Amino acid sequence: MDRFIRYIAAIVVILAHASVPAETKVQYHEVIDQQRGIVQAAFPYPASWRINGEHAPVFASGPGGIQLYPADNNQFFWSSDPSWQQTAWQQGRQVMAPMPLNQALQQLIVPAAQAQGNRLLRSYPVPEISGFWQRFIAGMPQTGVQRSVDALGTEWTDDLGQRTFVAVVQMVSRDRQATTWQLTTQSLSAPEAVFEQALADYRHAIGNGRINPQWQAMMNNRHISQRRHNEAFWAEASARSRAAHQQRMAAIASAGQSARQVGNTYSDILDISHAGYLKRDAIQSGGHAAGINQISGHTVIGNHETGEHYRVEDGSNHYWVNPDGLYIATDSALFDPRTDPRISDQEWTRFVKEQ
């Protein structure tokens with residue numbers, strides 16, 4: 001499933017090469033898979049347009065002030081299994097349930113655009129874009145994964161009256177355990193006099209993009225292999241997490257060490273605010289327990305994967321726990337004990353503050 005999203009990220013570059021002019025002079029741009037030295041796809045766009053490069057601030061530029069910007073991607077992961085959510089979160093992935101594209105537009109894209117001084121004028125389906133991706137999905141292997149794509153064209157204006165078209169594409173990949181989804185946006189701006197023609201050229205070009213079947217066959221084989229690897233990884237990660245939970249509970253039952261001893265042990269690691277051994281906490285409903293913890297200078301940290309909750313010293317923003325029931329607290333969002341050579345020989349799990 002993750003391989004599907006990686007496909008999307010690879011093909012997103014293709015979208016940045018899209019446009020076909022009204023005149024008959026057309027040049028075809030070939031998107032090359034640099035790692036494998038093979039053409040991914042080809043798109044026609046006006047011969048008068050200049051490609052500046054996918055790493056340039058403006059990917060393509062045309063006469064009259066036309067500017068096509070590089071695509072931007074946001075990937076999300078979701079599973080109803082809390083252990084999968086926790087594992088994904090620990091990997092630094094964005095964990096969010098998929099939502100209809102119109103809802104994603106209003107909740108995720110519009111606020112960010114408004115913060116930059118843009119105002120949404122209208123949104124509408126763009127079958128040329130969704131059709132391209134549907135053809136791409138149709139060429140992928142049938143592995144029991146449900147895949148879908150949706151696309152919206154959105155038009156915006158700013159305080160200077162500049163018109164901008166933003167293509168918003170949502171790709172969703174679902175199986176029995178989890179959902180991986182992606183939002184891709186790409187902007188095209190142009191002065192009023194050439195805006196409509198530039199937009200027509202862009203939409204026409206995407207609708208006529210051609211994917212190299214040899215490249216897709218190669219990527220499909222890699223997709224099947226990667227899918228098997230991912231399934232094995234998630235099964236192993238979930239098993240490790242549950243085993244660590246059992247080890248923590250056993251360690252807590254027999255722990256005789258004091259927090260002072262633990263603090264002395266880790267005192268040379270400056271990013272750690274304090275350390276101690278966990279104590280089991282029975283969380284009560286309502287605000288009473290939270291109030292008691294605040295008065296006593298404690299807080300509750302939790303692991304949504306295993307359902308564990310512990311009462312620890314408050315005053316830090318980030319908490320890490322190992323299988324022996326030891327926790328460390330820090331205010332540094334960058335500190336990760338898994339990468340600190342002094343303590344990386346232990347298995348650490350991130351816990352979040354519940355109260």
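Two strands count as paired here if DSSP finds at least two bridges between them. Helices (H or I, at least four residues) and strands (E, at least two) are DSSP runs, numbered from the N terminus. The model on your screen is predicted, so local features need pLDDT of at least 70 and side-chain atom pairs count only at pLDDT 80 or more, while totals for chains, interfaces and linings use all residues. Residues are numbered from 1 along each chain as its sequence is written, and side-chain values use heavy atoms, with hydrogens and water left out.

**The whole protein**

Start with everything in cartoon view: there are 8 helices and 18 strands. Of the 355 residues, 46% are buried (under 20% relative accessible area, with exposed meaning over 50% and partly exposed in between, using a 1.4 Å probe and protein chains only). Among contacts (heavy atoms within 4.5 Å) with a separation of 6 or more, 65% are between residues 24 or more positions apart.

**Stop one: the sheet of three strands**

Select residues 26–33 and 38–46, which are strand 1 and strand 2; they pair in the antiparallel sense over 8 bridges. To check the register, find H29 and look across to F43 in strand 2. The hairpin of these two strands has 4 residues between the strands, and G37 there takes a positive phi near 65°.

Now add residues 210–211, which are strand 12. Strand 2 pairs with strand 12 in the antiparallel sense over 2 bridges, and A42 stands opposite R210 in strand 12. Together the 3 strands form an open antiparallel sheet in the order 1-2-12. Strand 1 and strand 12 stand at the edges with a single partner strand each, so one side of each has no neighbour in the sheet.

**Stop two: a helix pair**

Next, select helix 4 (residues 127–138) and helix 5 (residues 192–207), whose axes come within 8 Å and cross at roughly 20°. Helix 4 is therefore roughly parallel to helix 5 (angles under 35 degrees count as roughly parallel, over 145 as roughly antiparallel, 65 to 115 as roughly perpendicular and the rest as oblique). The axes are lines fitted to C-alpha atoms over the stretch in contact, and angles run from 0 to 180 degrees between N-to-C directions.

Show side chains for P127, E128, I129, F132 and R135 in helix 4, which meet Y202, R203, I206 and G207 in helix 5. By class, this contact has 5 nonpolar, 1 polar and 3 charged residues (Ala, Val, Leu, Ile, Met, Phe, Trp, Tyr, Cys and Pro count as nonpolar, Asp, Glu, Lys and Arg as charged, and the others, Gly among them, as polar).

**Stop three: the sheet of six strands**

Move on to strand 14 (residues 298–303), where 5 of the 6 residues are buried. Strand 14 pairs with strand 15 (residues 308–313) in the antiparallel sense over 6 bridges, and N303 has E308 as its bridge partner. These strands form a hairpin with 4 residues between them, and G307 in the turn has a positive phi of about 80°.

Strand 14 is also joined by 2 bridges to strand 18 (residues 349–353), running antiparallel; look for G302 opposite V352. Then select strand 16 (residues 318–321) and strand 17 (residues 326–330), an antiparallel pair with 4 bridges, in which H318 stands opposite T330.

Finally, show the full open sheet of 6 strands, in the order 13-17-16-18-14-15 with antiparallel pairing. Strand 13 (274–277) and strand 15 stand at the edges with a single partner strand each, so one side of each is left without a neighbour in the sheet. From one strand to the next, the twist averages 35°.
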